[in-house]
Amino acid sequence: MREAALLRSQGLSASYGHVEVLKPIDIHVAPGEFIAILGPNGAGKTTLLKAIMRLIPSQGELMFDGQSIVNTPTWALADLGMTLVPESRMIFGPMTVLENLQLGAYSRPGADRAAVNADFEAVLKLFPKLSQRLDQIAGSLSGGEQQMLAVGRALMVHPRLLLLDEPSLGLAPRASSEVFQALGQLNQQGLTILVVEQKAPLALSLAHRAYVMHTGQIIATPDPKDIASRDALAHLYLGDIQ
Ligand SMILES: Nc1ncnc2c1ncn2[C@@H]1O[C@H](COP(=O)(O)OP(=O)(O)O)[C@@H](O)[C@H]1O
Ligand SMILES: [Mg+2]
């Protein structure tokens, strides 16, 4: 049977020392889906993304597009189509916005100039604020603009699956919703998205499906369209929602 999921984990677990921070996790992301992973601070969300991106050792199975990636080094995942926007954003502060975007396309295998230019134009269209600031030093951008730049740079890799770790972290509500609006647009254009987020309502407003993590486990899979289950979850598990 052909694997329908773009990404699938089966019994994926990870430990720091003797502490099993990630209990066996089963998740899947189908092509075209927008999936949210929610949960309070310390739930293991970042650890899950690190395991998916092969940044930490883990046990269990992990498949991308029907192929096992457990032995694939992190650097090779971009070639397959997986790109992570990490929590730290990894913006190069002393470099300009343009240079940061160019870095995204740097490692692109066999991409022709026309394809790179098309992605560049798409990024500028998605984030007009960046297009007005191409020569500005990235470190002088606002938090929201830096997150846009981090997403823009990830898009320059031309991913098939975009993974993001708490894109709204440290941002004002308005900037958070701008970033999520852009993610919604990207998904509507066909990009598959897996986003880790503490701000549940923001993520649930766009997600097709959601997983809630707590103490290293998936404890619920709420239906984002079901307001009652959203509210119940907010009270039960997601202490600091906004
Ligand atoms: N490098 C590390 N060494 C040891 N423990 C860690 C490390 N990173 C995270 N942890 C622990 O793993 C748990 C999950 O952390 P994390 O995945 O960062 O959660 P979240 O992203 O949901 O806030 C927490 O208890 C945290 O303290
Ligand atoms: Mg985290």
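How far apart are the mean positions of the 19 positive and 22 negative charges of the chain? They sit 2 Å apart. Keep in mind throughout that this is a predicted model.

**Figure 1. The whole chain, with its nine helices and ten strands.**
For 242 residues the globule rule gives 18 Å, and the radius of gyration comes out close to that at 17 Å, so the chain is as compact as a globular protein of that length. If you're setting up a box, the C-alpha atoms fill one of roughly 45 × 40 × 35 Å along the principal axes. Buried residues account for 50% of the chain. Take the contacts between residues at least 6 apart in sequence: 68% of them join residues at least 24 apart. On the outside, about 11400 Å² is exposed, and carbon and sulfur atoms supply 55% of that area.

**Figure 2. Helix α6, residues 143–155.**
Start with the helix geometry. At 1.5 Å a residue, 13 residues should span 18 Å, and the end C-alpha atoms of α6 are indeed 18 Å apart, so expectation and model agree. Now look at what's around the helix. Twelve of the 13 residues are buried, which means α6 is largely enclosed by the rest of the structure. The buried set runs through Gly144, Glu145, Gln146, Gln147, Met148, Leu149, Ala150, Val151, Gly152, Arg153, Ala154 and Leu155. Which elements do the covering? They include the strands β6 (82–85) and β7 (161–165), along with the helices α3 (97–106), α4 (113–126), α5 (128–131) and α7 (173–188).

**Figure 3. Histidine 158, in the loop between α6 and β7.**
Here the backbone is the thing to check: phi of histidine 158 is positive, at about 60 degrees, although the residue is not a glycine. Is histidine 158 buried, exposed or partly exposed? Its relative accessibility is 48%, so it counts as partly exposed; the cut-off for exposed is over 50%.

**Figure 4. Arginine 54, in the loop between α1 (45–52) and β4 (59–64).**
Arginine 54 is another residue other than glycine with a positive phi, this one near 60 degrees. What about its surroundings? With a relative accessible area of 13%, arginine 54 is buried, because the limit for that label is under 20%.

**Figure 5. Isoleucine 137, in the loop between α5 and α6.**
Leave aside residues up to four places away in sequence, and isoleucine 137 touches Gly93, Pro94, Met95 and Thr96. Even with those contacts, isoleucine 137 has a relative accessible area of 38%, so it is partly exposed. For a sense of scale, pick valine 19 as a reference point: isoleucine 137 and valine 19 are 118 residues apart in sequence, and their C-alpha atoms are 41 Å apart in space.

**Figure 6. Tyrosine 106, in helix α3.**
How accessible is tyrosine 106? Its relative accessible area is 72%, so this residue is exposed. Ten residues along in sequence is valine 116, and the C-alpha to C-alpha distance between tyrosine 106 and valine 116 is 9.8 Å. The helix that holds tyrosine 106, α3 (97–106), is among the elements covering the buried residues of α6.

Note on methods:
Residues are numbered from 1 along each chain as its sequence is written. Chains are lettered from A and ligands numbered from 1 in the order in which they are written. This is a predicted model: local features need pLDDT of at least 70, side-chain atom pairs count only at pLDDT 80 or more; totals for chains, interfaces and linings use all residues. Side-chain values use heavy atoms; hydrogens and water are left out. Helices (H or I, at least four residues) and strands (E, at least two) are DSSP runs, numbered from the N terminus. The expected span of a helix is 1.5 Å times one less than its number of residues. Buried means under 20% relative accessible area, exposed over 50%, partly exposed in between (1.4 Å probe, protein chains only). Contact means heavy atoms within 4.5 Å. The radius of gyration is taken over C-alpha atoms; the globule rule is 2.2 Å times the number of residues to the power 0.38. Accessible areas come from the Shrake-Rupley method with a 1.4 Å probe; for residues, only the protein chains shown count as cover. Lys and Arg count as positive and Asp and Glu as negative; His and the chain ends are not counted. The place of a charge is taken as NZ of Lys, CZ of Arg, CG of Asp or CD of Glu.
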